[in-house]
Amino acid sequence: MKKIVSTLAAVLMIMAALFQPKALSASSAVLYDPLTKTVVAGVQDNVQRGMASTTKIMTALVALELYELDQVVEIQPEWCGAEGSSMYLRAGEKLTVSDLLYGLMLSSGNDAAVALSCIYSGNSDDFVGLMNTKALELGLTNTHFDNPNGLDSETHYSTARDMAVLTAAAMENEAFREIVSTKSIQIGERYLNNHNKLLSMLDGAEGVKTGFTKKCGRCLVSSASRMGRRLIAVTLNASDDWNDHISLMNQGFERFETRTVLSAGEIGSITVAAGERCRTVGLYIEEDFTYALAEDEQPVVTLCGPRIVYGPIDGGQQYGTVRIALGNTVLAELPVYFTEGVAVTLREKSSWEQMTDWFKDLWELLGF
């Protein structure tokens with residue numbers, strides 16, 4: 001019975017987290033909350049489709065895990081002249097991995113994708129194998145890569161949901177976040193401009209990646225943060241992707257309001273053993289803890305520290321911490337302090353006890 005009740009509660013929480021998005025142009029779309037690892041809204045979000053150049057999110061993530069950003073690379077002739085969008089690499093020039101990543105994510109350079117994939121072993125195939133391995137590690141069961149740039153292929157596909165999970169992982173990488181949020185950059189004689197218009201259109205936009213082929217249509221992955229919360233939106237085959245993302249993000253962030261989870265002051269008490277007796281002493285935190293939460297989100301507060309403390313203690317001395325968690329994610333761990341000090345008080349021994357102790361000491365001194 002308990003299992004049935006807990007399962008029902010979980011289902012109700014998932015249903016509460018979802019909302020029906022306003023009409024979208026996308027064939028597939030998803031709004032994903034990386035903090036709680038939940039789909040906030042979805043339309044055909046688990047249907048396999050081509051994802052065009054949003055593929056390069058995985059290319060960038062694998063490259064960042066393999067290479068150093070300042071690694072210098074000499075561009076080979078076979079890496080140049082790739083089909084489609086390009087950062088216009090020239091054979092023999094020397095660029096860093098960082099330069100290539102900017103060309104990959106801002107200019108959507110297919111040549112940059114080829115270069116990054118070939119650094120590993122001299123050919124793209126081995127690198128693409130690592131992309132598919134990474135997909136399995138992230139649980140992207142409806143994703144398969146045939147190339148590092150997103151050119152059309154029958155077995156090159158993903159889903160809106162998988163792309164959101166991938167992007168959540170990529171956004172944990174500081175270098176990735178910096179690159180995709182850059183509007184423009186000069187690299188040598190090149191001036192690279194980010195194709196992602198949401199950086200100027202959407203409040204809190206952090207960028208990520210555009211994509212297009214005739215077969216896939218317009219594809220877009222975006223990330224935005226407001227009030228300390230991040231949301232990720234993905235649309236595949238969307239004729240009006242910019243507005244789709246603005247609509248999804250605004251609806252998603254409307255769910256959040258900043259609430260006080262814990263107020264500064266006393267939050268509980270603990271037993272302090274002080275010699276011959278025990279006392280109950282209050283515990284407090286110094287500052288309010290506030291967080292942006294949806295109506296259905298209820299953080300769990302856990303006091304972390306010993307069940308019994310042995311004196312003496314001082315007022316203001318740290319007792320332990322209080323952990324605030326939402327699902328499996330720890331939002332904060334705050335220090336917890338004693339409200340007052342407690343001295344150790346020992347009961348004065350009676351004359352009989354003092355005489356008994358004297359005889360014990362004498363007995364030990366004589367060696368008995």
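**Entry 1: the annotated site**

I started with the record: the unreviewed UniProt entry lists Ser-53, Lys-56 and Ser-108 under "active site". I wanted to know whether these three sit together or apart in space. They span 56 residues in sequence, yet no two of their C-alpha atoms are more than 7.8 Å apart, so they gather at one spot. A reminder to myself: this is a predicted model.

Next I took Ser-53. I found Ser-53 in the loop between β2 and α2. Buried or exposed, I asked of Ser-53? Ser-53 counts as buried, because its relative accessibility is 9% and the cut-off for buried is under 20%. I then listed what Ser-53 touches, skipping residues up to four places away in sequence. Ser-108 is on the list, and so are Asn-110, Asn-149 and Gly-150. The run Lys-209, Thr-210, Gly-211 and Phe-212 completes the set for Ser-53.

Then Lys-56. Lys-56 belongs to helix α2. Its relative accessible area is 0%, so Lys-56 is buried. With residues up to four places away in sequence left out, its contacts include Ser-108, Asn-110, Asn-149 and Lys-209. Those four names also turn up among the contacts of Ser-53. Other contacts of Lys-56 include Ser-85, Leu-104, Met-105 and Pro-148.

**Entry 2: the helix that holds Lys-56**

How much of α2 is buried? I counted nine of its 11 residues as buried, so the helix is largely enclosed by the rest of the structure. The buried residues begin with Lys-56, Ile-57 and Met-58, carry on through Thr-59, Ala-60, Leu-61 and Val-62, and end with Ala-63 and Leu-64.

I looked for a helix packed against α2. Two packed helices are described by the angle between their axes and the distance between the axes. Helix α2 (residues 56–66) and helix α6 (residues 160–170) have axes that come within 10 Å and cross at roughly 30 degrees. The crossing of α2 and α6 is left-handed. On the α2 side, Ile-57, Met-58 and Leu-61 make the contact; on the α6 side, Met-163, Leu-166, Thr-167 and Ala-170 do. Sorting the residues of this contact gave me six nonpolar, one polar and no charged. I noted that Ile-57, Met-58 and Leu-61 are also among the buried residues of α2.

**Entry 3: backbone oddities**

Most residues other than glycine have a negative phi, and most peptide bonds are trans. I went looking for exceptions.

Ala-52 is one: it is not a glycine, but its phi is positive, about 50 degrees. I placed Ala-52 in the loop between β2 (38–43) and α2, and Ser-53 lies in that loop too. Ala-52 has 0% relative accessibility and therefore counts as buried.

Met-227 is another, with a positive phi near 55 degrees. Met-227 sits in the loop between β8 (217–226) and β9 (229–238). Met-227 is partly exposed, with a relative accessible area of 43%.

Which residues does a cis peptide bond join? Gly-311 and Pro-312, with omega at about 5 degrees. Pro-312 is in the loop between β15 (308–310) and β16 (318–326).

**Entry 4: strands**

I followed β1 (residues 26–33) into β2 and found antiparallel pairing over five bridges. Val-30 stands opposite Gly-42 in β2. The two strands form a hairpin with four residues between them, and Lys-37 in the turn has a positive phi of about 55 degrees.

Strand β10 (residues 256–262) pairs with β13 in the antiparallel sense, over six bridges. In this pair I matched Thr-260 with its bridge partner Thr-290 in β13. Strand β13 (residues 289–294) is mostly covered, with five of its six residues buried.

Last, I traced an open sheet. How many strands form it, and in what order? Six, running β14-β16-β17-β12-β11-β15, with mixed pairing. Its edge strands, β14 (300–304) and β15, each pair on one side only. From one strand to the next, the twist averages 35 degrees. Within this sheet I checked β16 against β17 (residues 329–338): they run antiparallel and are joined by eight bridges. Thr-321 stands opposite Pro-335 in β17.

Terms used:
Residues numbered from 1 in each chain as written. Predicted model: local features only at pLDDT ≥ 70, side-chain atom pairs only at ≥ 80, totals over all residues. Heavy atoms only, no water. Axes fitted to C-alpha atoms, helices over the stretch in contact; angles between N-to-C directions. Left-handed = near helix turned anticlockwise from the far one by under 90°. Contact = heavy atoms within 4.5 Å. Nonpolar A, V, L, I, M, F, W, Y, C, P; charged D, E, K, R; others polar. Buried < 20%, exposed > 50% of the residue type's maximum accessible area, 1.4 Å probe, protein only. UniProt positions renumbered as here; feature names shortened; annotations may be inferred. Pairing = 2+ DSSP bridges.
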